[in-house]
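Q: I've just opened this one and don't know my way around yet. Can you walk me through it?

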Amino acid sequence: MRLWCRLWPSYASAHNNLGTLMERSRDAEHHFLAAIRYSPGHVNAHYNLGQVYRKEGKRFMLMNRTKDAVAMLERCLMLNNGYTAAYLLLAKLHTGSQTGRLLKHVAAYQPKHPEHQARYARWLRDNGRVAEALVYYKRAMAVNMEHRESVLGLARVLRDLGQRSRVYRLITWWQSTRRRHSVPGGGRIVFAGDLYVKGWQLYKQGQTTAPLPSAGEPPRRRNTDGKMSMCNVRLNYYD
């Protein structure tokens, strides 16, 4: 790559590629600026230079470098308004509603990518817009039912809304799906969460009377109201 730059110093893509290999930000900046100088419409060089400025601004707490990063990324989007990575990087540099607008734009621009739907849903939940977050997590799972971040995010949103029965069913389905895929031959492992959901379904149907334990079976735990517990299962949730 260095040889190309020496033999053909105006080769913009060679400067851009060489800049990505530089360890020092000053050297990387030199090559990205050279790429832009020889090819003003080089989209990747603008984005990469924005990355350099963002890292410098974050590392050394330099506001002017952060502003330079924003300017480069905005220039990148002027050259190519579909450059998703630039929108996402700008979202990291901005705060508040402006971040939300950028993430929403990406989610709308690429509706078939669950990562983008889940990223915006997480921002919505973090900003107290739980009902809207629920919509976007569902959109992500409509694309990929087993998208991990969307499943966990949806569980947190349902918990926020007080819909614990739906949380239990969702986590049970997720665990059983993962275990089924991990068993050779596609077999299914039964685990305690399945028993809880089955017990909850029986409870909803009015079948709340549990049989007495057989000989040698440990006594079942009772709830505070004196009723038999359907299953001694405790589910923990982590944010």
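**A first tour**

A: Sure. Start with the contacts: of those in the chain with a separation of 6 or more, 41% are between residues 24 or more positions apart. Keep in mind that this is a predicted model.

Q: OK. How many helices and strands does the chain have?
A: Twelve helices and zero strands. From the N terminus on, the elements run α-α-α-α-α-α-α-α-α-α-α-α.

Q: What share of the residues is buried?
A: Buried residues make up 40% of the 239 in the chain.

Q: And the surface?
A: The accessible surface of the chain is about 14,900 Å². Carbon and sulfur atoms account for 52% of that.

Q: Back inside, then. How many residues are in the largest nonpolar core?
A: It has 37 residues. Among those with the most contacts inside it are Tyr47, Tyr83, Tyr120 and Leu170.

Q: Which elements give two or more residues to this core?
A: Helices H4 (43-60), H5 (63-79), H6 (84-93), H7 (97-109), H8 (114-126), H9 (130-143), H10 (148-160) and H11 (164-182).

Q: Where does this core lie with respect to domain 1 and domain 2?
A: Between them, because domain 1 (1-93) and domain 2 (96-180) both give residues to this core.

Q: You mentioned Leu170. What is it in contact with, leaving aside neighbours within four places in sequence?
A: Leucine 170 is in contact with Met141, Val151, Leu154, Ala155 and Leu158. Leu154 is also listed with the most contacts inside the largest core.

Q: What does the second, separate core include?
A: That core has 13 residues, including Ala28, Ala35, Ile36 and Ala69.

Q: Switching topic: pockets. How much space lies in the second largest one?
A: About 300 Å³. Its lining has 15 residues, and Glu23, Ser25, Ala28, Val52 and Lys55 lie nearest its centre. Ala28 also belongs to the second core.

Q: Which elements give that pocket two or more lining residues?
A: Helix H2 (12-21), helix H3 (25-38) and H4. The largest share, seven residues, comes from H4.

Q: One last residue: alanine 133. Buried or exposed?
A: Alanine 133 has a relative accessible area of 0%, so it is buried; the cut-off is under 20%. Its place is in helix H9.

Q: What does alanine 133 touch, not counting residues up to four places away in sequence?
A: Ala121, Leu124, Arg125 and Val157. As for glutamine 117, it is 16 residues from alanine 133 along the chain, and their C-alpha atoms are separated by 9.3 Å.

Note on methods. Residues numbered from 1 in each chain as written. Predicted model: local features only at pLDDT ≥ 70, side-chain atom pairs only at ≥ 80, totals over all residues. Heavy atoms only, no water. Core = buried A, V, L, I, M, F, W, Y, C linked by side-chain atoms within 4.5 Å. Buried < 20%, exposed > 50% of the residue type's maximum accessible area, 1.4 Å probe, protein only. Helix = DSSP H or I, 4+ residues; strand = E, 2+ residues; numbered from the N terminus. Domains from an automatic or database assignment. Contact = heavy atoms within 4.5 Å. Areas by Shrake-Rupley, 256 points an atom, 1.4 Å probe, with all protein chains shown as cover. 1 Å grid on protein atoms, 1.4 Å probe; cavity = no way out; pocket = protein on both sides within 12 Å on 5 of 7 lines; lining within 4 Å. Points joined across faces, edges and corners; volume = space filled by probe spheres on them.
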